[in-house]
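Let's walk through a protein chain together, starting with its overall layout and working inwards. Keep the picture handy as you read.

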Amino acid sequence: MANKIINTHFSDREMDCHCGCQKTVSSELLVRLEALRRMLDRPLSVTSGARCETHNRESGGKPGSWHLKGLAVDISCVDSEFRGEIIRLAGMLGFNGIGVAKVFIHLDLRPEEEKRCFLYD
Ligand SMILES: [Zn+2]
C-alpha cells in the first residue's frame, strides 16, 4: 500500500512484504527512495522492502532487521559504476545504513549515530 502515500516510480508489489500480509515501508523511506530514483534518473529494481517477522525469518533476514520496521530496502545492482553512484547519493539522502552485496545494495534509515557502510559475505 506504499503508493497510497505519495506517487512514486515504485509499485506496492516491490515495497510491501512479499508474503502478502500488506505490511509496507515507512513514508519517510519511500520519499527518500523516490528522491534517489529521481537523482539517478535510472530505474531501480527493489527486491525487498518491508518484511513481517515470519517472512523475515523465512527469507533469511537477521533478527531485528530494519526491514521489519519498514525502514530498509534492497536494490538490485550488479554494475560497479551504478553501485558507486547509489552509495554516494544514498549517503547524501540520509540512508545511514548502506550494505553492499554482489548483486544488491541494502539501504536503511537507522539513526545517524549508528551510521555505517558494510559488506555482505
Ligand atoms: Zn508478511
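Start at the N terminus and follow the chain: in this predicted model, the elements come in the order α-α-β-α-β-α-β-β-β. Count them up and you get four helices and five strands.

How compact is the chain? Its radius of gyration is 13 Å, close to the 14 Å that the globule rule gives for 121 residues, so the chain is as compact as a globular protein of that length. If you drew a box around the C-alpha atoms along the principal axes, the box would be roughly 35 × 35 × 30 Å.

Now for what touches what. Take the contacts with a separation of 6 or more: 54% of them link residues that sit 24 or more positions apart in the chain.

Next, look inside. Of the 121 residues, 31% are buried. In soluble globular proteins, nonpolar side chains tend to be buried together. Here, the largest nonpolar core has 23 residues, and the ones touching the most other members are Leu29, Val73, Ile75 and Leu107. Which elements give two or more residues to this core? They are α2 (27–40), β2 (72–76), α4 (80–92) and β4 (104–108). The largest share comes from α2, with four residues.

To see the core from one spot, zoom in on Ile75. Skip its neighbours within four places in sequence, and Ile75 is in contact with Leu44, Ser45 and Val46, with Ile86, and with Phe104, Ile105 and Leu107. Leu107 should ring a bell, since Leu107 and Ile75 are both among the core residues that touch the most other members.

Terms used
Residues numbered from 1 in each chain as written. Predicted model: local features only at pLDDT ≥ 70, side-chain atom pairs only at ≥ 80, totals over all residues. Rg over C-alpha atoms; globule rule 2.2 N^0.38 Å. Buried ≥ 20, exposed ≤ 12 C-beta atoms within 10 Å, placed from the backbone. Contact = placed C-beta atoms within 7 Å. Core = buried A, V, L, I, M, F, W, Y, C linked by C-beta atoms within 7 Å.
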